[in-house]
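Reader: I'd like to go through this model with you and ask how each label was earned. Can you show it first?

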Amino acid sequence: MGDLSNKAQNVTGKAKEKVGDLTGDQELKGEGQADQAESKLKQAAADVKDGVRDVADRVKGALKRDK
């Protein structure tokens, strides 16, 4: 669910940025850029978490084979 939420936040941020740019609303444009940056950070954290989980699973598997 996090991945979908991050993508939605990124798309919303892009839309806000574009609307802000078209209307000259710098606050809305900045808000959109901030939304995009936040979604990228959340996605990066989720990717790291998934990577750590994969490594832990491999270690567990290796330990079970050694028994």
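Author: What follows is a chat about a predicted model, label by label.

Reader: Let's start with helix α1. How do you know that the span of α1 agrees with what a helix should give?

Author: The helix covers residues 2–23. At 1.5 Å a residue, the 22 residues of α1 should span 32 Å, and the end C-alpha atoms are 31 Å apart, so the two agree.

Reader: Which residues of α1 are buried?

Author: Those are Asn6, Gln9, Asn10, Gly13 and Gly20. Looking down the axis of α1, you find the buried residues within an arc of 100 degrees, so they line one face of the helix.

Reader: And what sits on the face of α1 turned away from that buried side?

Author: Exposed residues do: Leu4, Val11, Lys18, Leu22 and Thr23.

Reader: Why is Asn10 called buried?

Author: The cut-off for buried is under 20% relative accessible area. Asn10 has 17% relative accessibility, so it counts as buried.

Reader: What is Asn10 in contact with, leaving aside its neighbours within four places in sequence?

Author: With Gln36, Ser39 and Lys40. Take Ser39, which is found in helix α2. Its relative accessibility is 3%, so Ser39 counts as buried too. Not counting residues up to four places away in sequence, Ser39 touches Asn6, Gln9 and Asn10. Asn6, Gln9 and Asn10 are among the buried residues of α1.

Reader: Now the opposite case. What makes Leu22 exposed?

Author: Exposed means over 50%. Leu22 has a relative accessible area of 65%, so the label is exposed. Leu22 is in helix α1, and its C-alpha atom is separated by 30 Å from that of Ala44, 22 residues apart along the chain.

Reader: What does Gly24 do just after α1?

Author: Gly24 takes a positive phi there, of about 80 degrees.

Reader: On to helix α2. Why is Leu41 called exposed?

Author: Same kind of reasoning. The bar is over 50%, and Leu41 has a relative accessible area of 64%, so Leu41 is exposed. You'll find Leu41 in helix α2. Between the C-alpha atoms of Leu41 and Asp54, 13 residues apart along the chain, the separation is 20 Å.

Reader: Let's talk charges. How many salt bridges are there?

Author: The count comes to six salt bridges.

Reader: What makes Glu31 and Lys16 a salt bridge?

Author: The nitrogen has to be within 4 Å of a carboxyl oxygen. For the side chains of Glu31 and Lys16, the N to O value is 2.9 Å, so the pair passes the 4 Å test. Glu31 lies in helix α2 and Lys16 in helix α1, so the pair ties together parts that are 15 residues apart in sequence.

Reader: And how do you know that Asp35 and Lys16 meet in a salt bridge?

Author: Their N to O value is 3.0 Å, so the pair passes the same 4 Å test. The pair links distant parts of the chain, with Asp35 in helix α2 and Lys16 in helix α1, 19 residues apart. Put together, Lys16, Glu31 and Asp35 are linked in a network of salt bridges.

Reader: Are the members of that network buried or exposed, or partly exposed?

Author: It's a mix. Partly exposed is the label between the 20% and 50% cut-offs. Glu31 has 36% relative accessibility, so it counts as partly exposed. Lys16 is at 23%, so it counts as partly exposed as well. Asp35 has a relative accessible area of 14%, so Asp35 is buried.

Reader: How about Lys29 and Asp21: what makes their meeting a salt bridge?

Author: The value is 3.4 Å, N to O, so it also falls within 4 Å. Asp21 has a relative accessible area of 42%, so it is called partly exposed.

Reader: Last one. Which residues make the nonpolar surface patch?

Author: Val55, Val59 and Leu63 make it, with an area of about 250 Å².

Reader: Why can Val59 be part of a patch?

Author: A patch residue needs over 30% relative accessible area. Val59 has 43% relative accessibility, so it counts as partly exposed and clears that 30% bar. Val59 lies in helix α2, which runs through residues 26–66.

Note on methods: Residues are numbered from 1 along each chain as its sequence is written. This is a predicted model: local features need pLDDT of at least 70, side-chain atom pairs count only at pLDDT 80 or more; totals for chains, interfaces and linings use all residues. Side-chain values use heavy atoms; hydrogens and water are left out. Patches are made of residues with over 30% relative accessible area and no salt bridge: like charges are joined within 9 Å, nonpolar side chains (Val, Leu, Ile, Met, Phe, Trp, Tyr) within 5 Å. Accessible areas come from the Shrake-Rupley method with a 1.4 Å probe; for residues, only the protein chains shown count as cover. Helices (H or I, at least four residues) and strands (E, at least two) are DSSP runs, numbered from the N terminus. Buried means under 20% relative accessible area, exposed over 50%, partly exposed in between (1.4 Å probe, protein chains only). Contact means heavy atoms within 4.5 Å. The expected span of a helix is 1.5 Å times one less than its number of residues. The arc is that of the directions from the helix axis to the C-beta atoms.
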